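Work through these exercises with the model in view. Each task is followed by a worked solution.

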Amino acid sequence: MQQHNAGSGGPQIVIEGVNHLYRPPAGRPVLALEDVSLQVRPREFLALLGPSGCGKSTLLYLIGGFLPTETGRILFDGAPIAGPGPDRGIVFQHFALFPWKTVRANVLYALEKMGPPREQRAKRAQSFIDLVGLTGFEDSYPSQLSGGMKQRTAIARTLAIDPKILLMDEPFGALDAQTRHLMQSELLAIWRKSPKTVVFVTHDVQEAVYLADRVAVMTARPGRIKTIVDIRLDKSDPNVAKSSAFIDTVDQVWGLVRDEAIKAQEARLSP
Amino acid sequence: MSLLIRYLPLVFLAAGWELAARLGLISQLALPPLSHVALAWLEMLKSGELLANGASSLWRGGAGLGLAIVVGAALGIAMAWWQPVNAALGPLVEVLYPMPKSALIPVTVLWLGFGDGSKILLIFLGCMLPVTLGAFNGARGSDQALVWSARSMGASPLRMLWDVVVPSALPEMLNGIRTALALAFILLVSAELIVAREGLGYLIGFLGANGTYDAMFAVVLTVAFLGFAADRAYQTLMHRLLRWRE
Ligand SMILES: Nc1ncnc2c1ncn2[C@@H]1O[C@H](COP(=O)(O)OP(=O)(O)OP(=O)(O)O)[C@@H](O)[C@H]1O
Ligand SMILES: [Mg+2]
């Protein structure tokens, strides 16, 4: 049935009229998302862009099944999301590595639940550790790694289980500019080799335009989808980031984001 | 070498003790010279008295503390994770925690008599709550994202509890266990002093009543050393278990 949905060209993720209200035990409830509707196609790379606090992580948590959908509905391959599962791999904004496990053990953890034989698991874990450039740090604990290295461990861990879709919450946020560039093209290469659905949260307009097929721009809190921009660029061109089409698109998206960032700022200054 | 310097004050104390007793500054009845105490210790070691009573104490303490750790940890984590368990047991733990546990000595004797059973029960009851509280606070503080992370990688809710909540609770739980370890010594020796027919505490009381003070001091020092050694060994273990925190 899942094959049927993916094969038929219908959307893989359907989000319809979703609100999300946080009710902290102390303090006022916070409306994080309001009437969000969005569809993500199979094997599409979608970037979610929006000012801080607009509900990007919240939306990812809802798709991941970590938070219950209270209003509206979210379908994954045609079925409502019932909870977390390894079919939807997530890279958390703050890495969420197990601090008591080494880099290797962190990557192996997910694989252990999947059931390939031990030797194969070890090989697979190593290949993804190599991929993110952490060779030699297999036996380090997260507390011994830099922020960027933790982030790369988290990415390796999620990629290793080869989920159907990838949810990534600012996965390159803690990286320096060079490493970020490397990881971006690495991710694009992986994605091109075996395209899968990616929902990629970022603050960085260039990154969104460079990586994504479509960029969904969100409004300031309560978060809504303001516009979706189609990116029509030839990603196989190594110099795409220098093309005028790229620069124009970045400019256009910047304009959309800036309005919302200013609104978010005003909301903070005059409550 | 540095170890020697560190424990130098103890050497001075020992020398002072010997001198004070020898020079008659303190009556030898109140404080027999350390050399006599050492001889008495060797004597008891040879006769097997020390080992037999030590083994009996060790069994009681080990069994009671072991039970306290297993049950206490399970209870604390269950309270942190299931609200109904917390609602049912939270107030109970709160009320019982500050109670002086030695008050339980006559109660456990009433229930289980003079033998091992009453000591094990006493230590179990007395040492459980620090472990429970440590496990509870530690488990409470588990990072939401880690819990989610494990679930998204295919761990069942119960598996996640073992894989994430237990290790998250470990640092505070291990601190609770350290408190429990010290408490176990206190409770064991007090209970054996008051009502027992064997054990190191019993031996102290028996030798004291007999007026063989050098032997009594030998057992007191033995207990003190065991307490110190247990704590050091535990700290080493704790350090190894928490290596990842550095
Ligand atoms: N557990 C929570 N309890 C109460 N309010 C929350 C909670 N988590 C998030 N919020 C609120 O919901 C809103 C959206 O949060 P969210 O983390 O989804 O934003 P975000 O877009 O990911 O921001 P950032 O880019 O800074 O990560 C924020 O205004 C935040 O204050
Ligand atoms: Mg966020």
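Ala, Val, Leu, Ile, Met, Phe, Trp, Tyr, Cys and Pro count as nonpolar; Asp, Glu, Lys and Arg count as charged; the others, Gly among them, count as polar. This is a predicted model, where local features need pLDDT of at least 70, side-chain atom pairs count only at pLDDT 80 or more, and totals for chains, interfaces and linings use all residues. Residues are numbered from 1 along each chain as its sequence is written, and side-chain values use heavy atoms, without hydrogens and water.

**Exercise 1.** Sort the shell around ligand 1 by residue type.

Solution. Take the residues near ligand 1 (a heavy atom within 4 Å). There are 14, and A:Ser52, A:Gly53, A:Lys56, A:Ser57 and A:Thr58 come nearest. Now sort: four are nonpolar, seven polar and three charged.

**Exercise 2.** Find polar contacts of ligand 1, meaning pairs of N or O atoms within 3.5 Å.

Solution. Start with the backbone: a polar atom of A:Cys54 is 3.2 Å from a ligand 1 oxygen. Next, side chains. A:Glu170 places a polar atom 3.3 Å from an oxygen of ligand 1. For A:His203, the distance from a side-chain N or O atom to a ligand oxygen is 3.2 Å. Finally, cover: the protein hides 69% of the 640 Å² of accessible area (Shrake-Rupley method, 1.4 Å probe) that ligand 1 has on its own.

**Exercise 3.** Which protein atoms are donors of the magnesium ion (ligand 2)?

Solution. Look for N, O and S atoms within 2.8 Å of the metal (3.2 Å for Na, K and Ca). A:Ser57 (OG) and A:Gln93 (OE1) qualify, at 2.0 to 2.3 Å. Then check exposure (buried is under 20% relative accessible area, exposed over 50%, partly exposed in between; 1.4 Å probe, protein chains only). A:Ser57 is buried at 16%. A:Gln93, at 25%, is partly exposed.

Technical notes
Chains lettered and ligands numbered in written order. Polar contact = N/O pair within 3.5 Å; in protein donor to acceptor, adjacent residues only side chain to side chain.
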